[in-house]
Amino acid sequence: MTNLPGGEPAARTAAPAGLEEYVEHTLTESVVESAAEKFAAYEASREAADQPAPQETPEAAAAREAAASKEAAETVIQAFGGVRGMIDMTLPGLVFIVTFNLTHQVASAAWAALGLSALFVVIRLFKRETIQHAFSGVFGVAIGAWISMKTGKAENFYLPGLLYNVGYCVALAVSALARWPLIGVMLGPITGEMFTWRTQNPGRLAAYTKATWAWVVIMGIKPVILFPLYFTGNVNLLGWLKVALGIPPMLLAMYVTWQILLKAPAPIKAQTEDE
């Protein structure tokens, strides 16, 4: 052993006979087995990719479409602020007519209605809720309060709301004629489809147009009934009917829209830049 090159330390590290062949053989087998396993996994993944995707049954497709349409239809309430938003816009008118009957003073009634509208905004801010509908309500009440106090005529408190109703119906009709129905413009961002309903989904364009015309007819009832009362100067009847016609027509219009959209094709989601 001491005659090996390197002396005794070299002898201790020298490989036994046949060990190098055994190690080389073992390493070769490991490499081959690993490569074979990887190749088998690769072939399996290719076969899985080549397999056709499971076909969706007509029943499942219809159920999926119905669910998507139902989800989109339910955004109607959200778009118009829900019942809470309608209450925010209706109660100030009720407070005005009640206060006016109690005090017979236009200024007192106007300030009471304006104060309630402002309170709604403060409550929503405190709860960190959206103030869109509450703020639009306080803006309309402020204009009506200013006009009524300036002229001394209680019926003028309701004039801005009546003019708004007329303008809103005209805008709805024009948008439907221009094939840009306002109901679709309002609901598109909420449903995630944006404006795909104009170019990619003719069924939803037709549904939004139909719903917009429904709003024109239903919401047009209010000024048709209330404007003659405004010109007669019958403040009590005008005020009470204004309150009575506040929520029901809007609920009816929302229900009709919901029914129309339930039967419409599902929305096509708009592609974002990230996607």
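**Helix H13 and the two cores**

Visitor: Which residues of helix H13 (residues 235–244) are called buried, and what makes them so?

Guide: In H13, Val235, Leu238, Gly239, Lys242 and Val243 are buried; the word means under 20% relative accessible area, with a 1.4 Å probe and protein chains only. They lie on the same side of H13, because they cover an arc of only 125 degrees around the axis, taken from the directions from the axis to the C-beta atoms. This is a predicted model, in which local features need pLDDT of at least 70, side-chain atom pairs count only at pLDDT 80 or more, and totals for chains, interfaces and linings use all residues. Residues are numbered from 1 along each chain as its sequence is written, and side-chain values use heavy atoms, without hydrogens and water.

Visitor: How do you know which elements the protein has?

Guide: The protein has 14 helices and zero strands, read as DSSP runs (helices H or I, at least four residues; strands E, at least two).

Visitor: What makes the largest nonpolar core a core, and which helices supply it?

Guide: A nonpolar core is a set of buried Ala, Val, Leu, Ile, Met, Phe, Trp, Tyr and Cys residues joined through side-chain atoms within 4.5 Å. The largest one has 22 such residues, and Ile183, Tyr208, Trp215 and Met250 have the most contacts inside it. Helices H8 (159–177), H9 (182–191), H11 (202–219) and H14 (247–262) each supply at least two residues of this core; H11 gives the largest share, eight residues.

Visitor: Where does Leu238 belong?

Guide: Leu238, buried in H13, is in a second, separate core of 21 residues that also includes Phe100, Val106 and Leu229.

Technical notes
Buried < 20%, exposed > 50% of the residue type's maximum accessible area, 1.4 Å probe, protein only.
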